[in-house]
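Thanks for coming, everyone. Let me put the structure up, and then we will walk through a few places in it.

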Amino acid sequence: IWILLSGIAMTSRIEIVDADTADSTSWPANGEADYVKRHVLPLMKNGPPSYIDNVKARMMALLVDDIVIPLVIAGGNYDDSNVCSIYSHYVKYAAEEVRRINNPVMALILRACLSFLSLALKAGRADKVVYANNWLLTTNPCPTLSPEQIGRLTIALIERFPDRAIVFRSVNTHIYNDLFEALQKNSYIMVRSRRVYIINPTGKAFLKSKNVKRDLNFIGNTSYEVLDADQLDEADVGRIAQLYHALYLRKYSFYNPQYNEKFFLHMLKQKIFAFQALRKNGRIDAFIGYQMMRGVLTGTCLGYDTQLPGELGLFRLAFALMMAEAKRSGLMLHLSAGIGAYKVFRGATPCIEFDAVYDHHLPIQRRLSWRCLKWSLDGWQRAERLLLRKAEML
């Protein structure tokens, strides 16, 4: 670990907080720390399963100097949501994506790869993990940490959880390159997680995009009333949860986090998400939720009534509300994964998001499962690039 090689004295604060110690802890006194605490504390005390129906895990917090980092202690349940199960994310969720592929040969190859990964991850108990910076969201805003801080927190987590790998979620080089390099300096291995999309709202690709201009004009011409978070109340939470479930669960995958009404009420009351909603005739038909931290606007969830005609453009409207806020605030816009062409046509740049994994303290069998995962995903990306080059030559 970098800290051990540097010889820097470990005099600063490192503390792991759980439900039993939360009330007696002296939490860092700054706005960002208070924001993270507001999110973590209720989940820590009541348990994540109270808010997310397919999560069986514990929530804690890691205090590093004046920074608060959410910790999730995975339950090792292979049916948990992909936000807290390595197996669900890399095997089960991926298997659902493979079923949507129209190329039978490619689908057969991918199913064989997933069968191999399934055996490797189970043999190495890869779901036995402590997640650092896991908000139990599909996309997590990342903290600013130095190599020295990464070194200290790694030592602290190994001491507290000696039989678990340490995993930082949602790391990419496009907007979190300093964190990426700090983790690498501390011997974390980078495992490809998914392709995400980033918009620079001051860049030419975004500002000159005709699609963006049409979308922003669409907001001004819609017959829907645009509501901000302070115009929403507890009576709207049920509808928001219903719209989220219709899109993320029934349309895509039940391995997405199954947020219930209590979760959305928590996000609204504690002001964790900036919500905007579209209402007509007294009914909310779409909403968007996003976070604004450390110069980044992160899209966290979106929902719309999938039973209404597509001509209404509900997804497009909700998406445009987020783009309009990024343009107004000048914040980098993290659009998460999925519908890549739609996002690229609006000036987004694709980049790879990683799970940063520290497993050097574990037995070799446990480490091999992570290496198998990394090698498989790296190999698949090389094959994907080769296929694309061949397609361009035809």
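One term before we start: two residues are in contact when they have heavy atoms within 4.5 Å of each other. Keep in mind that this is a predicted model.

Start with Trp-370. Set aside its neighbours within four places in sequence. Trp-370 is then in contact with Ile-86, Ala-126, Val-129, Ala-165, Val-167, Ile-189, Val-191, Val-357 and Asp-359.

Now the wider setting. The largest nonpolar core has 95 residues. Which of them touch the most other members? They are Phe-264 and Trp-370. Helix H11, residues 314-329, gives this core its largest share, nine residues. Apart from this core lies another one, of 36 residues. Ile-73, Ile-166, Leu-183 and Tyr-188 are among its members.

Next, Arg-371. Find it in helix H13, which covers residues 364-393. Is Arg-371 buried or exposed? Its relative accessible area is 16%, and buried means under 20%, so Arg-371 counts as buried. What does it touch, not counting residues up to four places away in sequence? Ile-189, Asp-359 and His-360. Two of those names came up a moment ago: Ile-189 and Asp-359 are also among the contacts of Trp-370.

On to Leu-117. This residue is in helix H4, residues 104-123. Leu-117 is buried too, at a relative accessible area of 5%. Leaving aside neighbours within four places in sequence, Leu-117 is in contact with Val-91, Cys-372, Leu-373 and Ser-376. Look at Tyr-90 as well. Tyr-90 and Leu-117 are 27 residues apart in sequence. In space, their C-alpha atoms are 8.1 Å apart.

Last stop: empty space. Rolling a probe the size of a water molecule over the atoms shows where such space is left. I will take the second largest pocket, with about 290 Å³ of space. How many residues line this pocket? The lining has 15, and Ala-229, Phe-273, Ala-274, Phe-275 and Met-292 lie nearest the centre.

Where does the lining come from? Helix H2 (31-46), strand E8 (274-280) and strand E9 (283-293) each supply at least two residues. E9 gives the largest share, four residues. By type, the lining divides into nine nonpolar, two polar and four charged residues.

To recap: Trp-370 is one of the two residues that touch the most other members of the largest nonpolar core. Arg-371 is buried, and Leu-117 is buried. That is my tour; over to you.

Technical notes: Residues are numbered from 1 along each chain as its sequence is written. This is a predicted model: local features need pLDDT of at least 70, side-chain atom pairs count only at pLDDT 80 or more; totals for chains, interfaces and linings use all residues. Side-chain values use heavy atoms; hydrogens and water are left out. On a 1 Å grid over the protein atoms alone, a cavity is a set of points where a 1.4 Å probe fits but cannot get out, and a pocket is an open set with protein on both sides within 12 Å along at least five of seven lines; lining residues have an atom within 4 Å of a point. Grid points are joined across faces, edges and corners, and a volume is the space filled by probe spheres set on the points. Ala, Val, Leu, Ile, Met, Phe, Trp, Tyr, Cys and Pro count as nonpolar, Asp, Glu, Lys and Arg as charged, and the others, Gly among them, as polar. A nonpolar core is a set of buried Ala, Val, Leu, Ile, Met, Phe, Trp, Tyr and Cys residues joined through side-chain atoms within 4.5 Å. Buried means under 20% relative accessible area, exposed over 50%, partly exposed in between (1.4 Å probe, protein chains only).
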